[in-house]
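Student: Could we go through this structure together, with the reasons behind each term?

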Amino acid sequence: MIAEQQLNGAEVAHQEKNVFSLAGKLALITGGGSGIGFDIAQCMIAAGANVIITGRREHALAESIAVLGKSAQYVVNDVTELNTLEGLVEQIETNIGPIDILVNNAGINMKRPALEVSDDDFQRIVHTNLNAVFSLTRACAKRMIARQSGSILMISSMAAYYGIDRVVAYAASKSGVEGMVKVLASEFSKFNVRVNAIAPGFIETAMMQTAMNSDPDRMNKALSRTPMGKFGKPDDIGWAAVFLASEAARYITGASLPVDGGNSVGF
Ligand code: NDP
């Protein structure tokens, strides 16, 4: 009996060793041609997944595929063209395979005092960061629900948690995403489809560089507000995405995981 228990224990330990693996999974990552999305793709491939990255700039996607290798493919797509998203998902599922993991990563920002933000600017940011996330998530989720399996990740922002000056539309859009995560997680749980967010802090990408350039003092302020004393790297988000998409996170849904060097405890 003891020997049998030990054997079962060893088997469980052996199985559990693989819970971080994404082998056999197909991930769709929007905005995967650069920045955080590219590193999410790289980390997911390292964990065994095949990935499809999307974006508007074909040359950036092609260059990324050259680095990512044969486990990656790209599709040129602008997420703001909402009427293309159902077709995008259908095309991928028909030609490549079922999407197991959706990463809503594509996003834009603009730093400007609230009173200088036009209606067009506000709508453009919310349309990309929130409306498109909903439309693409709906297209993927209905297929995941039919298969009773799937994991959906939103790349949110700590801007959803705090009042960071001059990002009114961005903060509104990311707060909307955080709310959406909770509702979708609740509705989809019974179908074995999990929905979670990652809330990055200051991550070294083109988006952060643009924000810092617009306010030279901001770099020092941002660092002083980061208890770990350094900015994050895109793969810090990539590994968190692997975890949340994997079997290791099978009992996690409706969560928003800060990956921020302690910003969320250091303000
Ligand atoms: P980048 O600007 O470096 O990359 C954004 C990516 O999104 C690009 O690949 C871009 O590709 C794609 N994208 C933008 N608009 C569209 C669109 N309409 N359709 C399809 N793809 C689009 O940004 P980051 O990597 O820094 O940001 C990635 C995510 O992380 C965003 O959601 C952002 O809000 C979030 N985030 C980033 C933080 C940071 O410090 N960097 C902090 C908190 C959150 P293309 O131009 O080819 O379309």
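Below, each term is set against its definition.

Tutor: Two remarks to start with. Residues are numbered from 1 along each chain as its sequence is written. The model is predicted, so local features need pLDDT of at least 70 and side-chain atom pairs count only at pLDDT 80 or more, while totals for chains, interfaces and linings use all residues.

Student: What makes the strands of the sheet neighbours, and what is their order?

Tutor: Two strands pair if DSSP finds at least two bridges between them. Strands themselves are DSSP runs of E with at least two residues, helices are runs of H or I with at least four, and both are numbered from the N terminus. The open sheet has 7 strands in the order β3-β2-β1-β4-β5-β6-β7, with parallel pairing. β3 (72-76) and β7 (256-259) each have a single partner strand, so they stand at the edges with one side lacking a neighbour in the sheet.

Student: How do you know that β5 and β6 pair?

Tutor: Between β5 (residues 150-155) and β6 (residues 193-200) there are 6 bridges, in the parallel sense. The definition asks for at least two, so they count as a pair. Met154 stands opposite Ala197 in β6.

Student: Why are α4 and α5 called oblique?

Tutor: Angles run from 0 to 180 degrees between N-to-C directions, and axes are lines fitted to C-alpha atoms, for helices over the stretch in contact. Under 35 degrees counts as roughly parallel, over 145 as roughly antiparallel, 65 to 115 as roughly perpendicular, and the rest as oblique. Helix α4 (residues 85-95) and helix α5 (residues 119-147) pack at about 40 degrees, with axes 8 Å apart. That angle falls in the rest, and the two helices are therefore oblique to each other.

Student: And why does the same word apply to α2 and α9?

Tutor: α2 and α9 (residues 234-245) pack at about 50 degrees, and therefore they are oblique as well. Their residues in contact (C-beta atoms, placed from the backbone, within 7 Å) include Gly35 and Phe38 in α2 and Trp239 in α9.

Student: What makes 12 residues of the ligand shell nonpolar?

Tutor: Ala, Val, Leu, Ile, Met, Phe, Trp, Tyr, Cys and Pro count as nonpolar, Asp, Glu, Lys and Arg as charged, and the others, Gly among them, as polar. By that rule the shell has 12 nonpolar, 14 polar and 3 charged residues.

Student: Which residues come nearest to the ligand?

Tutor: Of the 29 around the ligand (C-beta atom, placed from the backbone, within 6 Å), Gly31, Gly35, Gly55, Arg56 and Gly107 come nearest.

Conventions: Two residues are in contact if their C-beta atoms, placed from the backbone, lie within 7 Å.
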